[in-house]
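Subject: Handover of a structure

Dear colleague,

Please find the structure below. I ask that you keep it open while you read the description that follows.

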Amino acid sequence: MIGRSLSNSVINLGIQDQYAEALNQLGFEFEVLAEQEGDASLGNGGLARFSACQMDSLATLDYPAWGYGLRYEYGLFRQIIVDGFQHEQPDYWLNFGNPWEIERIHVTYEVKFNGTVEEVDMNGEKVKVWIPGETVEAVAYDNPIPGYGTKNTINLRLWAAKPSNQFDLEAYNTGDYINSIVNRQNTEAISNVLYPDDRSHQGKEMRLKQQYFFVSASLQDIIRRFKEAHNNFDELPEQVALHLNDTHPSLSIAEIMRILVDEEHLGWSKAWNIVNKIFSFTTHTVVAEGLEKIPVDLLGSLLPRHLQILYEINSNFMEELKKKIGLDYNRLSRMSIIEEGAVKSIRMANLSIVCSHTVNGVSKVHSNTLKTKTFKDFYELWPEKFQYTTNGVTQRRWIVVSNPSLCALLSKWLGTEAWIRNADLLTGLRDHVDNTSFRHEWKMVKRLNKMRLAEYIETMSGVKVSLDAMFDVQVKRIHEYKRQLLNIFGIIHRYDCLKNMDKNDRRKVVPRVCIIGGKAAPGYEIAKKIIKLCHAVAEKVNNDADIGDLLKLVFIPDYNVSVAELVIPGADLSQHISTAGHEASGTGSMKFLMNGCLLLATADGSTVEIIEELGSDNLFLFGAKVEEVAELREKGGALKVPLQFARVLRMVRDGYFGDKDYFQSLCDTVEVGNDFYLLGSDFGSYLEAQAAADKAFVEPDKWIKMSILSAAASGRFSSDRTIREYAERTWKIDPCQCPF
Ligand code: OX2
């Protein structure tokens, strides 16, 4: 999820001024031109944006890294809102060409599917040979990622599917010309469109094809480069580290075994020893149900040889495991790579753990969950494999590109621009927190960014918002566990209180502009209802003359990287309110923190580490802790839910915001006894945290200090730190300065 590239590239190359000057001579203004660029949105959310931040850091820190992915023709859908409902429109982002990519017509590989496996005799030895049924060509498109303050530029190589020239010659020869052209188009479809569900995996054939296509082309590319300089596969682990960013590329384990065993004839055990030393794995998921599984039947028909290899890996693993743990069949079956049951499936996470030397979590809390719940059996077997590397975000994009006025202020008061490469220096802001002119300048920067955001809100939704109000933002994918519904219920409660106040009391209320944005997966009914409810509440609140500027609710459509660049710097408060134990890390919070935005949050994911760095006095914390959640769930129906929650729920159920029937099923999800994400039991403390935020906001000095301290604490959450940890601990690689 790269977003736009122009500003980021000229900044990283250090040619911003010259570039703007050159454009001026041509009669263009840089800022205006930069706004014309579309977003490259080739992913779903946090996982994909985190990858983009990692690439920026890898380049900046001079690591010799490559990123691989798919060049989807249709990126993540565009969200439009019609009558409060989300509609999806295709994002044909390549319509006007993509100036950043370089098509490498000579870097192409054949990727094969289907067919059969035969056993043939080779020099007296029986070997398996895969006779594929279909061949597709993968063409490389290179997207250069320049580092900041270095000449190092790394490559994001994305694959596009093209019909192979060898395609169906038979059909041509037999005269079925038209059908063979139609079939060619089907093969091109492999890299057509990104699946828009960010967490659910439905075992779709096309998705599996995409995964294998991506993995096969990437491995052929990696092995070709290796062979150019080396002729002994024993050196592979010294030369190549492959990192599995979640399980989407995990088929590469079977693929590399196939290459080493079937094509390079290394023999199974030699190949296995090599493979074990090159893979590391990061899982970004919390709950076992969220883990990817591939039905065996599907895999077997698309990749018959790979299925055999997976069975063999599993059978060897089971034998080894029995030696260690004995015949504990329950545990053996939990740890098996193959899941038996109605739909026999491959467990991609188990495969990745078995075959990787390191398993990473994305925050401290997440790692504990992995060790004690999700992958407990594996942790007990191989405690040394488990690590955690807390996520981070790049300050180049999230401050320098998106918040130029803050960037200038930071450099002025820190007396250096070095923080752009070394975010730890941001702690130096603490030294100036008591300086009134610094605080005044800080406030002015925030106001400027609020102004930009207010203008955007007005153009987009027609709602005029007051700059004196607190801008309270929640932007991220819409998910029940992220609890946008808790936020909306809080807004309804606020509205209800305002309506019941007399004029005098209303004067004491802190005005709020509540901003919500995010996409719902197209098939995720409840998430779509949350979006509709947000609009229904906004319609009522924004048009209520009694309320005026005291409360506004705005839904920002089509939330993406560029929108984030505008929204985040303009936020006073941001919400990260997932039910504790559900957000593996969360990276949005880090971007807000860098921009001096206060957090209202649960102790989930990386927030726990943010608290360590920032101190719990400088953010608004609420809600059940990770270790309390299970017990609260067990209590279920016996839980005490505050009256205010019941009242808000009733208002929605009774049709106070219209569409009464439509919202009933949404309300059911948070009804006592059914409230899996614990909105009801967290509501009381949520309101208290909101009240504390209001109280702090009316003391501008206190607020600004907290804002400064937030930015000062954000250095640890730079993806530079994340990447350095991965490089040193997981991949064991050194920086490699560009020789030119
Ligand atoms: C996301 C996680 O939900 C989020 O907590 C995390 O910050 C991000 O990955 C980067 O690590 N799909 N999206 C994610 O995980 C998966 C799977």
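Two residues are in contact if their C-beta atoms, placed from the backbone, lie within 7 Å. Helices (H or I, at least four residues) and strands (E, at least two) are DSSP runs, numbered from the N terminus. Axes are lines fitted to C-alpha atoms, for helices over the stretch in contact, and angles run from 0 to 180 degrees between N-to-C directions. In these terms, helix α4 (residues 46–60) lies across β1, β7 (134–146) and β8, and runs at about 135° to β8.

Please note that this is a predicted model, in which local features need pLDDT of at least 70 and side-chain atom pairs count only at pLDDT 80 or more, while totals for chains, interfaces and linings use all residues. Residues are numbered from 1 along each chain as its sequence is written.

**The mixed sheet**

The strands that α4 crosses belong to an open sheet of four strands in the order β1-β8-β7-β4, with mixed pairing; two strands pair if DSSP finds at least two bridges between them. Strands β1 (66–70) and β4 (102–113) stand at the edges, and each has a single partner strand, so one side of each is left without a neighbour in the sheet. Direction ignored, neighbouring strands of this sheet are turned by 30° against each other on average. Strand β8 (residues 153–163) runs parallel to β1, and five bridges join the two. Trp66 stands opposite Asn155 in β8. A further helix, α6 (residues 177–188), lies across β7 and β8 and runs at about 155° to β8.

**The parallel sheet**

Another open sheet has four strands in the order β9-β10-β14-β15, and its pairing is parallel. Its edges are β9 (242–245) and β15 (386–388), each with a single partner strand, so one side of each has no neighbour in the sheet. From one strand to the next, the twist averages 25°. Strand β14 (residues 358–361) pairs with β15 in the parallel sense over three bridges. Asn360 has Gln387, in β15, as its bridge partner.

**Two domains**

The domain assignment of the protein gives domain 1 (38–391 + 724–731) and domain 2 (449–693); such bounds come from an automatic or database domain assignment. The centres of the two domains, taken over C-alpha atoms, are separated by 36 Å. In total, 29 residues of domain 1 are in contact with 29 residues of domain 2. On the side of domain 1 that touches domain 2, the elements giving two or more residues are α4, β2 (74–82), β3 (85–92) and α15 (364–374). Of these, β2 gives the most, with five residues. By class, this side has nine nonpolar, 13 polar and seven charged residues. Here Ala, Val, Leu, Ile, Met, Phe, Trp, Tyr, Cys and Pro count as nonpolar, Asp, Glu, Lys and Arg as charged, and the others, Gly among them, as polar.

**The ligand**

Where does the ligand lie with respect to the two domains? Both domain 1 and domain 2 give residues to the shell around the ligand, so it lies between them. The ligand is surrounded by 17 residues, of which the closest are Gly46, Leu47, His284, Ala584 and Ser585; a residue is near a molecule if its C-beta atom, placed from the backbone, lies within 6 Å of it. This shell divides into four nonpolar, nine polar and four charged residues.

Yours sincerely,
A colleague
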